[in-house]
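This report describes selected local features of one protein chain. It proceeds from a helix and a pocket to strands, loops and backbone geometry.

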Amino acid sequence: MPYSVVSPSGLLSQSLLRLGVSRQISPRFPSTSTSIIISCNHFTTSSHNVLNSISTTPKQQLRYLTHTSTKMAATNNAAWIKEAKAHPFVVEPAPVWTPEADEVLVKNHAVAINPVDGSLQAAGWWPLNYPTMLGQDLAGVIVAVGPGVTSFKVGDRVVGHGVGMATKRNQDNAFQEYSILKTHMAAHLPANISFEKAAVLPLAMSTAACALYQDTHLKLQLPTVPRPKSTGETIIVWGGASSVGSNAIQLAVNSGYEVITTASPKNFDLVKKLGASQVFDYNSPSVETDLIDAMKGKKSAGSLDCIGGAPQGILQKVMTTVTGVKAVASTKRGWPEPPKDVVMYSIFGTTLKDNFVGKAIYNDFLPEALKAGTFVPAPEPIIVGHGVGKIQEAVDRIKKGVSASKLVVTL
């Protein structure tokens with residue numbers, strides 16, 4: 001359990017979370033709130049036992065919960081960014097959020113850092129409602145569920161994508177101790193996979209999935225457990241050792257596609273273990289020719305650029321030579337004008353929350369694939385430190401770049 005049971009107050013605090021009880025705190029005036037709000041009717045046997053030890057009737061139990069001091073409830077701390085381009089983050093209290101329908105409240109045990117976090121803080125290029133938090137990758141334990149939620153329960157270990165960048169709701173951001181996840185953007189996490197390892201997945205996996213499966217992009221067939229028979233088609237993934245690339249390779253292979261990728265020589269073994277059939281050095285002056293030769297006699301399912309910049313133009317040229325889909329999906333904008341027979345797609349890693357892909361990946365595929373070992377968290381996590389106060393250090397480090405790894409903070 002995420003809380004120590006050391007006193008009646010501690011027992012009640014644990015029960016409040018199991019019941020979906022949360023206090024609404026003003027981040028600026030955390031000590032002024034005195035109300036405890038029951039947000040859902042998710043009772044457990046242990047919750048009944050604790051409450052029955054406090055009073056004998058449901059009416060008395062409700063009255064006790066309503067009038068109990070908020071110091072018995074859980075507290076949330078967040079890495080706030082108070083205004084655009086503000087540095088450093090300010091660690092202050094935040095509400096312990098109330099999950100609504102199709103939502104769960106997660107006690108975060110690990111959060112991962114993405115390059116977008118650093119760029120958002122430094123440049124403020126995306127409109128946000130300040131003060132707010134950043135962060136999208138989280139893994140932890142469910143402490144409350146919203147009304148009608150049956151696919152998850154209190155105590156479940158989960159990994160999920162916090163989509164606050166898209167919703168502009170603070171509760172949907174990861175850089176805090178408690179976050180809200182949409183149920184179709186959360187996956188059950190097997191006990192043999194640590195929170196630190198799992199936290200590297202969400203945004204990178206979502207971005208890859210948006211490119212591969214959305215009707216607006218490459219429209220590949222969805223991944224399954226066990227893996228389907230080969231489609232006879234091949235996709236090129238540029239930057240296979242990157243966070244997005246590591247996920248894209250595995251997703252495509254689990255969907256029945258052959259994957260040809262690029263990486264630095266030191267990461268050749270890594271991308272092959274993830275499922276790539278061939279890998280070429282992206283720094284080689286012959287890489288364009290290498291990819292063209294590798295695609296001869298194959299049917300193209302398109303290509304995915306995980307890096308941006310020069311690779312976009314190279315992939316455009318490669319796509320002009322292939323049979324099949326002549327398309328490049330890219331994680332970055334600003335590509336050169338493509339040849340008339342090549343289609344370019346821009347990826348935004350949260351759009352799967354609004355279509356069939358989110359549920360297909362997080363609910364239908366990922367839990368079983370992680371359990372079966374046909375999909376593994378990649379790249380490897382590097383633990384920067386523990387606590388919300390370490391998140392700024394991790395975001396500063398991501399600006400310097402990482403290779404075949406992802407920065408993680410434990411909570």
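A residue is called buried here when its relative accessible area is under 20%, exposed when that area is over 50%, and partly exposed in between. The model is predicted.

**Helix H4 and the largest pocket**

Helix H4 spans residues 115-123, and its buried residues are Val-116, Asp-117, Gly-118, Leu-120 and Gln-121. These buried residues pack against strand E5 (103-112) and against three helices, namely H5 (164-167), H7 (202-213) and H13 (391-398). Just after H4, Gly-124 adopts a positive phi of about 55 degrees.

The largest pocket has a volume of about 1100 Å³. Its lining comprises 44 residues, and those nearest the pocket centre are Pro-115, Val-244, Cys-306, Thr-331 and Lys-332. Two or more lining residues come from each of H4, H7, helix H8 (243-253), strand E11 (258-263) and strand E18 (405-410). By character, the lining divides into 22 nonpolar, 18 polar and four charged residues.

**Paired strands**

Strand E3 covers residues 76-80; because four of its five residues are buried, E3 is largely enclosed by the rest of the structure. E3 and strand E4 (residues 90-94) run antiparallel and are joined by five bridges. Within this pairing, Ala-78 stands opposite Glu-92 of E4.

Strand E11, which contributes to the pocket lining, is mostly covered, with five of its six residues buried. E10 and E11 run parallel and are joined by four bridges. Glu-258 in E11 is the bridge partner of Thr-234.

**Two loop residues**

His-217 is located in the loop between H7 and strand E10 (233-238). Is this residue, His-217, buried or exposed? His-217 has a relative accessible area of 9%, and the limit for a buried residue is under 20%, so His-217 is buried. The side chain of His-217 reaches the backbone oxygen of Ser-346 at 2.8 Å. Leaving aside residues up to four places away in sequence, His-217 touches Cys-210, Ala-211, Tyr-345, Ser-346 and Ile-347.

Ser-284 belongs to the loop between strand E12 (278-281) and helix H10 (287-294). A polar contact of 2.9 Å links the side chains of Ser-284 and Ser-286. Ser-284 and Ser-264 are 20 residues apart along the chain, and their C-alpha atoms are separated by 9.3 Å.

**Backbone geometry in loops**

Most residues other than glycine have a negative phi, and most peptide bonds are trans. The table lists departures from these patterns.

| Feature | Residues | Angle |
|---|---|---|
| Cis peptide bond | His-87 and Pro-88 | omega about 5 degrees |
| Cis peptide bond | Val-225 and Pro-226 | omega about 0 degrees |
| Positive phi | Lys-168 | phi near 65 degrees |
| Positive phi | Lys-219 | phi about 60 degrees |

Pro-88 lies in the loop between E3 and E4, the two strands that run antiparallel. Pro-226 is in the loop between H7 and E10. Lys-219 is likewise found in the loop between H7 and E10, as is His-217. Lys-168 lies in the loop between H5 and strand E8 (178-182).

How accessible are the two lysines? Lys-168 has a relative accessible area of 29% and is therefore partly exposed. Lys-219, at 53% relative accessibility, counts as exposed, the cut-off for this class being over 50%.

Methods:
Residues numbered from 1 in each chain as written. Predicted model: local features only at pLDDT ≥ 70, side-chain atom pairs only at ≥ 80, totals over all residues. Heavy atoms only, no water. Buried < 20%, exposed > 50% of the residue type's maximum accessible area, 1.4 Å probe, protein only. Contact = heavy atoms within 4.5 Å. Pairing = 2+ DSSP bridges. 1 Å grid on protein atoms, 1.4 Å probe; cavity = no way out; pocket = protein on both sides within 12 Å on 5 of 7 lines; lining within 4 Å. Points joined across faces, edges and corners; volume = space filled by probe spheres on them. Nonpolar A, V, L, I, M, F, W, Y, C, P; charged D, E, K, R; others polar. Polar contact = N/O pair within 3.5 Å; in protein donor to acceptor, adjacent residues only side chain to side chain.
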